[in-house]
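Biologist: Please take a close look at one part of this model: the packing of its interior. Start with how you decide what is inside.

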Amino acid sequence: MNNNDIFKKLRVALQLRDDQIVEIMQLVDFRISTAEIGAFFRNADHPKYMDCGDQVLRNFLNGLVIHLRGTKENPKNAMDVIKQNQDVVKKNIADKTKTTFKTPPTTEFKKKPAAKPKSKKPTPKVQVVEKVKFKNGKK
């Protein structure tokens, strides 16, 4: 099991989105883009696949501790944070199901007769570079 597998399993288990992972990484002052995170979650045979290094996984785990537990000055309950994530995911799923099952409008379109193809005239080539004489000091 490599770092990518661990990262994927933590993402699924905690129901984290890419933007949440970026925020978690920023808690430990580690900047990473969503495109780089997406490359970690691709299949190993995909051309854009990228190995997750030890430093990335270590910073994610340190940020995850702060995200779930909070800091000493402002402690959090980890289960409350996980419940909030679950509620957001359920809400997003409910919103998607409402929008995807709409019935399409039932307007009928009349078929237009096929138009005759217009003759295509070749466009004249525009010469980008003019004729230039190079004089290197030789006759």
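Modeller: Buried means under 20% relative accessible area, exposed over 50%, and partly exposed in between (1.4 Å probe, protein chains only). By that rule F60 is buried, with a relative accessible area of 0%. F7 is buried as well, and its relative accessible area is 0%. The model is predicted, so local features need pLDDT of at least 70 and side-chain atom pairs count only at pLDDT 80 or more, while totals for chains, interfaces and linings use all residues. Residues are numbered from 1 along each chain as its sequence is written, and side-chain values use heavy atoms, with hydrogens and water left out.

Now the frame around these two residues. The chain has five helices and zero strands (DSSP runs numbered from the N terminus: H or I of at least four residues for helices, E of at least two for strands). Along the sequence the pattern reads α-α-α-α-α. Of the chain's 139 residues, 21% count as buried. Take the contacts (heavy atoms within 4.5 Å) between residues at least 6 apart in sequence: 57% of them join residues at least 24 apart.

Next, the core. The largest nonpolar core holds 20 residues (buried Ala, Val, Leu, Ile, Met, Phe, Trp, Tyr and Cys joined through side-chain atoms within 4.5 Å). F7, I21, M25, V56 and F60 touch the most other members. At least two core residues come from each of α1 (3–14), α2 (18–26), α3 (34–40), α4 (54–69) and α5 (78–100). Helix α4 gives the most, with five residues. M25 shows the packing from one side chain's position. Not counting residues up to four places away in sequence, M25 touches F7, F30, I32, V56, N59 and F60.

The rings come next. The whole structure yields three aromatic pairs (Phe, Tyr or six-membered Trp rings with centres within 6.5 Å; planes under 30 degrees apart are stacked, over 60 edge-to-face, the rest tilted). F7 and F40 make a tilted pair, 6.0 Å centre to centre with 45° between the planes. F7 lies in helix α1 and F40 in helix α3, so this pair ties together parts 33 residues apart in sequence. F7 and F40 are both buried. F7 also forms a tilted pair with F60, at 4.6 Å centre to centre and 50° between the planes. F60 lies in helix α4 and F7 in helix α1, so that pair ties together parts 53 residues apart in sequence. Ring pairs link F7, F40, F41 and F60 into a cluster. A charge joins in at F41. R11 lies over the face of F41, at 4.4 Å from the ring centre (Lys NZ or Arg CZ within 6 Å of the centre and within 35 degrees of the ring normal).

Helix α1 has a polar resident too: N3. N3 counts as buried, at 16% relative accessibility. The side chains of N3 and D54 share a polar contact of 2.8 Å (N or O atoms within 3.5 Å; within protein, one must be able to donate a hydrogen and the other to accept it, and sequence neighbours count only if both atoms are side-chain atoms). Beyond its neighbours within four places in sequence, N3 is in contact with C52, G53, D54 and L57.

For contrast, take R69. This residue is found in helix α4. R69 counts as exposed, at 57% relative accessibility. Not counting residues up to four places away in sequence, R69 touches N74, P75 and K76. The C-alpha atoms of R69 and M79 are separated by 9.2 Å, ten residues apart along the chain.
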